[in-house]
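Q: Can you teach me to read this structure feature by feature? Please start with the terms.

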Amino acid sequence: MPRRFFGFSIILIAALACARDDTASAHPRNGPASADDGVPPRPSVIAPASQPYRVVPVSAGGTISGTVEFDGTVPVAAVIRPTQDQQACGNSIVEYTVRVSGTRVDGAVVWLTDIRSGKPFPLEQRFDLTNDRCTLDPYVQVISTNATLNVTNDDRTLHTNRFINVGTGQIAGIAPFNDDGEVVPLDRLREPAEIEVVCEQHPWTHAWIAVLDHPYYAQTSAAGTFSIEGIPPGRYVVRAWHPSLGFADDSVTVPAGQITSVAFRIRPTKATAPTVPTQIHVDSQRPAASSTPAVPILPTASSTPPTTPPPLRD
């Protein structure tokens, strides 16, 4: 009897240990609310959906193509000097949040804000976000609500990434890492939202994700160009956004089977400081709150033709 009881105890302890494993997948905060469960809500560039998106046949779909420019001085890359975890982070980090080609913006997200029916989602619905030298790559990306985001740690140090819904202030998911090479799948971003990603241990670390419940979106190339295809004929509001610069809107009519061109010009706006993680274990010589705007004031869209860009600046 004692031997049988001892064996049962070992099985029970092992089961409890597995139940406490937080590294299997990203998860939302459970249990009663606390000070760590979120931050004050802020204006978001992505509003909740007015109605579900419906997949319908699209015949003679049109295309919106164009460019995104920034009409102002591009923010200078920040130099961060960590005082801990130098073996993983390095003694200094040059943080490039904006890349441009002349006035054109690389990596800006462009999407239709008011489309509620159209083509199906692409079959491939996996995206990546990587902790690399104590920064997050990519800095900004767009994913769909039915996608899986694989969050990876390439550093030999602890990262705890929190995914914050900007519009509600709530924690949408948490991805903890214990070792380099670990991958945590996050598939809980099921509502349209602007998501800010922070690291509890490294307060300068930020990334931004546009989560959309339809497939009518794109990101600009290194030359600042984009194209969105298969759009049902009609009139739509199109938004271009980069979290470090701001956003601009335009109203576009899409004829059947034709290409409509639009040139976005984002103008300088007052920056809003991003979230500062409440659990900080690493000091930095740079203030925790940077000048990255969460949501700037809406500027006026412009159809001014872009100029020929010079070579890409780093």
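A: Buried means under 20% relative accessible area, exposed means over 50%, and partly exposed lies in between. Keep in mind that this is a predicted model.

Q: Is Asp85 buried or exposed?

A: Asp85 has a relative accessible area of 18%, so it counts as buried. Asp85 sits in the loop between strand S3 (78-80) and H2. Its phi is near 60°, a positive value in a residue other than glycine.

Q: Which residues form a nonpolar patch on the surface?

A: Val79, Val94 and Tyr96 do. Together they have about 250 Å² of accessible area. Tyr96 lies in the loop between strand S4 (93-95) and strand S5 (99-101). Tyr96 is partly exposed because its relative accessible area is 39%.

Q: How do I recognise a disulfide, and how many does the whole structure have?

A: Look for a pair of cysteine sulfur atoms within 2.5 Å. A search of the whole structure finds one disulfide. Cys89 and Cys134 form it, with their sulfur atoms 1.9 Å apart. The pair links distant parts of the chain, 45 residues apart. Cys89 is in helix H2 (residues 86-89), while Cys134 is in the loop between strand S9 (126-132) and strand S10 (135-137). The link is left-handed, with -70° about the S-S bond.

Q: Are these two cysteines buried or exposed?

A: Both Cys89 and Cys134 are buried. For Cys134 the relative accessible area is 0%. Cys134 also has a positive phi of about 65°, although it is not a glycine.

Q: What about Cys199?

A: Cys199 is in no disulfide. The nearest cysteine sulfur, that of Cys134, is 7.4 Å away. Cys199 has 0% relative accessibility, so it counts as buried.

Q: How do strands make a sheet, and what is the strand order in the open sheet of five strands?

A: Strands of a sheet pair through backbone hydrogen bonds, either parallel or antiparallel. Here the order is S11-S17-S16-S13-S14, with mixed pairing. The edge strands, strand S11 (140-144) and strand S14 (171-176), each pair on one side only. Neighbouring strands of this sheet are turned by 20° against each other on average, direction ignored.

Q: In which sense do S13 and S16 pair?

A: Strand S13 (residues 160-165) and strand S16 (residues 193-199) are antiparallel, over five bridges. Arg162 has Val198 in S16 as its bridge partner.

Q: Where is a cis peptide bond?

A: It joins Asp137 and Pro138, with omega about 5°. Pro138 is in the loop between S10 and S11.

How values were computed
Residues are numbered from 1 along each chain as its sequence is written. This is a predicted model: local features need pLDDT of at least 70, side-chain atom pairs count only at pLDDT 80 or more; totals for chains, interfaces and linings use all residues. Side-chain values use heavy atoms; hydrogens and water are left out. Patches are made of residues with over 30% relative accessible area and no salt bridge: like charges are joined within 9 Å, nonpolar side chains (Val, Leu, Ile, Met, Phe, Trp, Tyr) within 5 Å. Accessible areas come from the Shrake-Rupley method with a 1.4 Å probe; for residues, only the protein chains shown count as cover. A salt bridge is a side-chain nitrogen of Lys or Arg within 4 Å of a carboxyl oxygen of Asp or Glu. Helices (H or I, at least four residues) and strands (E, at least two) are DSSP runs, numbered from the N terminus. Buried means under 20% relative accessible area, exposed over 50%, partly exposed in between (1.4 Å probe, protein chains only). Two strands pair if DSSP finds at least two bridges between them. Axes are lines fitted to C-alpha atoms, for helices over the stretch in contact, and angles run from 0 to 180 degrees between N-to-C directions.
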